Amino acid sequence: MAQQADDDEILSKFRDENTRNEAFNMLLKKYQQKIYWHVRRMVIDHDDADDITQDVFIKIWKNLPGFRNDAQLYTWMYRIATNECITFLNKKKQKNNVPLDEVDYELADTLLSSDQFTGDKIQMKLQQAILTLPDKQRLVFNMKYFDDMKYEEMSEVLGTSVGALKASYHLAVKKIENFILSND
């Protein structure tokens with residue numbers, strides 16, 4: 001298996017007009033799956049996640065020339081993906097003119113009816129529990145639990161203090177535990 005390029009190599013090739021497309025393909029190969037699953041865990045629906053992931057990479061393409069290396073490339077891309085998820089969920093709530101929790105129920109129904117979800121009952125219960133969390137808390141939980149991100153990286157992505165993120169994660173875990181125990 002070919003080793004993936006490091007971010008500095010990708011950025012260097014991207015800055016050169018002759019190797020820009022090659023660099024973007026390297027970027028896609030390296031990060032597309034990670035970004036897709038980050039988005040998918042937030043919006044649940046495969047088609048929505050696919051569309052949002054495409055939008056994310058379009059924004060990355062457009063904004064990469066201005067990337068200043070003051071953050072890690074992955075963290076920067078994650079921030080774009082996170083913002084796209086929040087924008088999508090907010091639009092969905094406004095478009096349907098429904099309270100926040102009803103969109104979460106709709107996402108839970110999508111999860112239950114999805115042929116893309118192949119998890120067992122425990123995984124299904126965990127996903128349903130995660131959907132009861134407020135969007136920001138759900139983001140924090142997903143980033144820590146599924147993506148194994150360090151609080152410092154999460155802080156860069158979300159612009160929130162490490163202490164607040166730890167508290168948010170702790171609260172999310174408690175809520176998930178309570179949901180699972182009370183919905184047995």
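Which residues are exposed on the other side of α9, away from its buried ones? They are L181 and S182, and the helix they belong to is a good place to start exploring. Welcome to this predicted model, a protein chain with nine helices and zero strands. This briefing begins with the whole chain and then turns to helices α7 and α9.

**The chain as a whole**

- Reading from the N terminus, the elements run α-α-α-α-α-α-α-α-α.
- The chain has 184 residues, and 43% of them are buried.
- Among contacts with a separation of 6 or more, 59% join residues that lie 24 or more positions apart.

**Helix α9**

- Helix α9 covers residues 162–182.
- Its 21 residues, at 1.5 Å a residue, should span 30 Å, and this agrees with the 30 Å between its end C-alpha atoms.
- The buried residues of α9 include L165, S168, Y169, A172, I176 and F179.
- These buried residues sit on the same side of α9, because the arc they cover around the axis is only 100°.
- A general rule helps when reading such a pattern: an α-helix has 3.6 residues a turn, so residues three or four places apart point the same way.
- L181 and S182, on the other side of α9, are exposed.

**Helix α7**

- Helix α7 takes in residues 135–145.
- Eight of its eleven residues are buried, so α7 is largely enclosed by the rest of the structure.
- The buried residues of α7 are D135, Q137, R138, L139, V140, F141, N142 and M143.

**Where α7 meets α9**

- The axes of α7 and α9 come within 9 Å and cross at roughly 95°.
- That angle falls between 65 and 115 degrees, which means α7 is roughly perpendicular to α9.
- From α7, the contact is made by Q137, V140, F141, K144 and Y145.
- From α9, it is made by L165, S168, Y169, L171, A172, V173, K175 and I176.
- Sorted by class, this contact has nine nonpolar, two polar and two charged residues.

**A closer look at Q137**

- Q137 is found in helix α7.
- Its relative accessibility is 8%, and because buried means under 20%, Q137 counts as buried.
- Setting aside neighbours within four places in sequence, Q137 is in contact with S168, L171, A172 and K175.
- These partners of Q137 are also among the α9 residues that make the contact with α7.
- Of these partners, S168 and A172 are buried in α9.

Note on methods. Residues numbered from 1 in each chain as written. Predicted model: local features only at pLDDT ≥ 70, side-chain atom pairs only at ≥ 80, totals over all residues. Heavy atoms only, no water. Axes fitted to C-alpha atoms, helices over the stretch in contact; angles between N-to-C directions. Helix = DSSP H or I, 4+ residues; strand = E, 2+ residues; numbered from the N terminus. Parallel < 35°, antiparallel > 145°, perpendicular 65-115°, else oblique. Contact = heavy atoms within 4.5 Å. Nonpolar A, V, L, I, M, F, W, Y, C, P; charged D, E, K, R; others polar. Expected span 1.5 Å × (residues − 1). Buried < 20%, exposed > 50% of the residue type's maximum accessible area, 1.4 Å probe, protein only. Arc of directions from axis to C-beta.
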